[in-house]
Amino acid sequence: MIDTHAHLTSLEDADEAVERAAEAGVTRILTVGTSVDDCRRALALAERHEGVFAILGIHPHDAGTATADDLAALRELHAHPKAVAVGETGLDWFRDYAPEDAQRRLFAAELELAAELGKPVVIHTRAADVDTLAALAEHAGTVVLHCFSAPHMLPTALERGWYVSFAGNLTYKNATDLRVAASQVPLDRLLVETDCPYLAPQPVRGKRNEPAYVVHTLAALAQATSSEEAALRPAIDRNADECFGL
Ligand SMILES: [Zn+2]
């Protein structure tokens, strides 16, 4: 199976984590680079491991310091055959690490890059759902809502055919609203991810997260969608193939 959103470069033992994932049946991992340097590290991992691919972008938290040169470098890195998507990008009004106008400009630039390259875009949105939806209104390409946690965005997501990716928080006791949302997503639009090292799912909650643990989120997703785990697993793999052109 596949973990469609991991920050392998944030793990001090990334290569070993890739091996542990494979032992758990997680043979493919999309690792996310969040700055130009981090994107280079993500690509280096993708070069070392056949099953690792890279999502390359500049994170909204870094929007305040991102330069035109950074965007040019990002565009160049996207020529790599294992760079499969642009992101994560979006708007985050919850943490004010970067000014709003800088975040909006960077988001627009990354959406434009995704459109130009014909690659999917992976969206990070926090406490900014209305503005995120507005920015995406004209975007015609493939969209992934990563670490889905805003059920009121679901009607738009379904209407626009966006992929909805669930992370470890789906497994938490109080996340009933997320499980209800998951049950409303068509099976051909579901993805699972760890977003490691954050958000470790039950029953490893509180530990440092890593791709091997995506199996717990898949189990919760199977329960939420009343599907057999054995059937959901290949369905999600196919969704990832289609979405990211793997
Ligand atoms: Zn992330």
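Start with helix α7, residues 176-184, in this predicted model. Its buried residues are Leu178, Ala181 and Ala182. Look down the axis of α7 and these buried residues fall within an arc of 100 degrees, so they line one face of the helix. The spacing fits a familiar rule: an α-helix has 3.6 residues a turn, so residues three or four places apart point the same way. As for what that face meets, the buried residues of α7 pack against two helices, α6 (154-160) and α8 (214-224), and against the strands β7 (163-166) and β8 (190-192).

Now go back towards the N terminus, to helix α1, which spans residues 14-23. Here the buried residues are Ala14, Ala17, Val18 and Ala21. They cover an arc of only 105 degrees around the axis, which puts them on the same side of α1. Their packing partners are β2 (28-33), α2 and β3 (52-56). After α1 comes Gly25, and its phi is positive, near 95 degrees.

That leaves the largest pocket, with a volume of about 660 Å³. It is lined by 26 residues, and His124, Arg126, His146, Cys147 and Asp195 sit closest to its centre. Three elements give two or more residues each to the lining: α2 (36-48), β4 (83-92) and β5 (121-126). Of these, β5 supplies the largest share, three residues. What sort of residues make up the lining of this pocket? Polar ones number 12, charged ones eight and nonpolar ones six. Notice that α2 turns up twice on this tour: the buried residues of α1 pack against α2, and α2 also contributes to the pocket lining.

Methods:
Residues are numbered from 1 along each chain as its sequence is written. This is a predicted model: local features need pLDDT of at least 70, side-chain atom pairs count only at pLDDT 80 or more; totals for chains, interfaces and linings use all residues. Side-chain values use heavy atoms; hydrogens and water are left out. On a 1 Å grid over the protein atoms alone, a cavity is a set of points where a 1.4 Å probe fits but cannot get out, and a pocket is an open set with protein on both sides within 12 Å along at least five of seven lines; lining residues have an atom within 4 Å of a point. Grid points are joined across faces, edges and corners, and a volume is the space filled by probe spheres set on the points. Helices (H or I, at least four residues) and strands (E, at least two) are DSSP runs, numbered from the N terminus. Ala, Val, Leu, Ile, Met, Phe, Trp, Tyr, Cys and Pro count as nonpolar, Asp, Glu, Lys and Arg as charged, and the others, Gly among them, as polar. Buried means under 20% relative accessible area, exposed over 50%, partly exposed in between (1.4 Å probe, protein chains only). The arc is that of the directions from the helix axis to the C-beta atoms. Contact means heavy atoms within 4.5 Å.
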